[in-house]
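Here are my comments for the next round of discussion, set out as numbered points. Please read them with the structure open beside the text.

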Amino acid sequence: MGSVRKALQVVLLCIGLVALAAHAQVGSVDPTIGNIAILLAPTRPTVYLPNSMVRVYPVRDDGAADQIQFFPLTINGHRGAELFSIMPGDGSPAAYDQEITTPYFYATRFNDLGATVEFTATERCGFFRFGFAHGPAKLVVSDLTAGKIRVHDGNIVEGEERFDGMAAYVYGVFSKPVQAAEDQHGTTPRVLVSADAGPLEFRYGISFISSEQAKSNLEHEAGSRSFEDLRDAAKARWNDTLGRIVVEGGTESQRRVFYTALYRSSERMINITEDGRYYSGFDHEVHTDARPFYVDNWLWDTYRALEPLQTLLHPGMEADKLQSYVRMYQQGGIMPTFNEVTGPVACMNGNHSAPWFADAWFKGVRNFDLATAYEGIRKRSLDSTLLPWRLGTKSPLDDFYNTHGYMPALRPGEKESYPQVHPFEKRQPVPVTLGNSFDDWAIAQIARELQKPQDEALFLKRAGYYRNLFRTDKAMMWPKDEAGLWIEPLDPKFSGGMGGRDYYDENNGYTYTWDVNHDYAGLIELMGGPQKAEAHLDQLFREPLGRSRYEFQGKFPDSTSMVGQFSMGNEPSFAIPYIYDRVGAPWKTQLRVRMLLDTFFKDTLQGIPGDEDGGGMSAFVVFSMMGFYPVTPGIPVYDIASPVFEKVTIHLENGKDFVILAPGASRQNKYVEKVVLNGKPLDRVWFHHADIAQGGVLELTMGDAPNKSLGAASSSFPPDKISIHPEDYK
């Protein structure tokens, strides 16, 4: 009987774990995590369906604000840019209480107004339900930019907003007749709406094509369906999306952090196709296409982790997103890095669509036009300017880069002589050189795939340009002037003006020294070998700021959540803890990654260590909590770190499962003692993308003491050097 009882207990435990895992999907998402920023932009408790046009949140200063200004009917891209608005009362900000936030449903109460608000969404439609306890319904519907808005036929709202050379349209229907008075608030039109006491519903469609298309979107997606029906459908959609990854073990708090990160990793890019058509901000035409068209991507932030995560989970959609970039190039003549619904955006630096194309291709995503993509990224590298926050043709500084192999810096006190340089963003010579070296390496890999040997040789040579800024006596990346002389005096912790932009970008020289994703082997050789590189890595996490935190953050507001000189709050740092795998000390990767997750990613209002950046940071969390990470986009392998959960099941789009088993994983048992892949022991801490794609089981034996021999031999290091061929590692 004892054995039967024990077996029954095991079965019940397994049932409990499965039930907990199922609940821990949408029910474990907390959209308020990070709603108070460390310094810059907070996250928002946004209601949306994955990759969809309608995205709504309460507009307020941050999660601590006691008033809501209004609710947008959607947003149009980077860091918000709200379109249209609706608000109970007279449109003034109002204090709120009893807020409920989920990915699929939002609700709050305005005590002074005697009003309640509920919201849910479809892909192109929104549905508000208002309650008014103290008398007749009153609310305001507004444009937020130049445009027009009106109520007609008793309960129908039509509006248009014009921005950046294009327009957005809304077509909405109130659930009962309303009285409407058109008004002007400053320079924008609005409508004051009133109705009889009782509930008032407002359902609407959004379009970037026309008001008629907005009406069609509303009829097709919402029609006469009830609020509860649409809310439940949205919840089911989120459970399907989040359920692609099922985690077991860990704490409730860790599951909230994980699934909230996966939710934030599911917002972009945005599918703006409407009934087989889309408006393109790249040529300002309406196109008909059998494939969906996606916009709103910030590749400087997202190529490192977000796009690799979506390539893993949703390769079919990823192919459509990549083909959308091909369409953008065909329509606008430039391969974008940042883009929004309005078109290409001059933002940050680099040609980072190149590693995204390469990464997806070498992971088996093939349903896009690689030859045209190559044409676009090649042109962007050779014929367009590399200057930060600029789009357009080459400048004399680009000619210098192509001839000498680095972007030159101004000497201290020297005035800028080239008008093409952005007056605030400056030249950023080190990240421009390093980032484009990596991008050109990715272009070389695609050139080889397309059998273009001359191009492959050219871009492999350019991939080595990062070496021109490595200063051996400092063991750091260091700016040079046009004469090839090192910039002096220079403090790599603090020089360079606001954000270090005279020499670096948002981060200092300590971060950018390691930003050589495609050739860590070459970087480590420049540093004097694995032992010296390991010592430099150790010192990165220990090096003091050298000044007060107040003074440091005043100049480097993007470089937050510091550990020594390491910044957890900015994207170029994401791969750094994994570099220990390349110097024979994987146990330090396990130690550092687990410490960073435990320290900086919490289920609190301040639980994001820096700007979340459209899913860029959240995807780092998803990967690292699962226990692996795509260190070099373009090379189809993953580094193993320290899984937070005892079991992770990834349900792949091809119907297969990849399972990670890490029994006993905990804050104490953070070290990987043994690695077994599909029953075969490994002496290394990395595996192939194909190992996931084919389905299988990765078993990790966890312990509280490091296994310093695992992955210590140079023959077991992860493959990332300039001469690598990604096809060899499929």
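**Notes on the fold**

1. Helices H6 and H18 are oblique to each other. This is a predicted model, and the axes of H6 (residues 306-313) and H18 (residues 616-626) come within 8 Å and cross at roughly 55°. On the H6 side the contact is made by Leu 306, Pro 308, Leu 309 and Leu 312, while H18 contributes Gly 616, Ala 619, Val 622 and Phe 623. By class, the residues of this contact comprise seven nonpolar and one polar, with no charged residue.

2. The next point concerns a sheet. Eight strands form an open sheet in the order E5-E6-E7-E8-E15-E12-E11-E10, and the pairing is antiparallel. Strand E5 (97-101) and strand E10 (147-152) stand at the edges, and each has a single partner strand, so one side of each is left without a neighbour in the sheet. From one strand to the next, the twist averages 15°. As background, strands of a sheet pair through backbone hydrogen bonds, in either a parallel or an antiparallel arrangement.

3. Within that order, E12 and E11 follow one another, and the pairing of strand E11 (residues 156-163) with strand E12 (residues 166-174) is antiparallel, with eight bridges joining the two. A reader who wishes to check the register can start from Glu 158, whose bridge partner in E12 is Tyr 171.

4. Helix H3 (residues 227-242) lies across three strands, namely E6 (105-110), E7 (115-121) and E8 (125-132), and H3 runs at about 50° to E7. These three strands, E6, E7 and E8, also appear consecutively in the strand order of the open sheet.

5. Strand E13 (residues 179-185) and strand E14 (residues 188-195) pair in the antiparallel sense over seven bridges, and in this pairing Gln 179 has Ser 194 of E14 as its bridge partner. The hairpin of E13 and E14 has two residues between the strands, and Gly 186 takes a positive phi near 70° there.

6. How many disulfides does the structure hold? The structure holds zero disulfides; in general terms, a disulfide is a covalent bond between the sulfur atoms of two cysteines. Two cysteines can be described by their accessibility: Cys 125 counts as buried because its relative accessibility is 2%, and Cys 347 is likewise buried, its relative accessible area being 10%, where buried means under 20%.

Technical notes: Residues numbered from 1 in each chain as written. Predicted model: local features only at pLDDT ≥ 70, side-chain atom pairs only at ≥ 80, totals over all residues. Heavy atoms only, no water. Disulfide = S-S within 2.5 Å. Buried < 20%, exposed > 50% of the residue type's maximum accessible area, 1.4 Å probe, protein only. Pairing = 2+ DSSP bridges. Helix = DSSP H or I, 4+ residues; strand = E, 2+ residues; numbered from the N terminus. Axes fitted to C-alpha atoms, helices over the stretch in contact; angles between N-to-C directions. Parallel < 35°, antiparallel > 145°, perpendicular 65-115°, else oblique. Contact = heavy atoms within 4.5 Å. Nonpolar A, V, L, I, M, F, W, Y, C, P; charged D, E, K, R; others polar.
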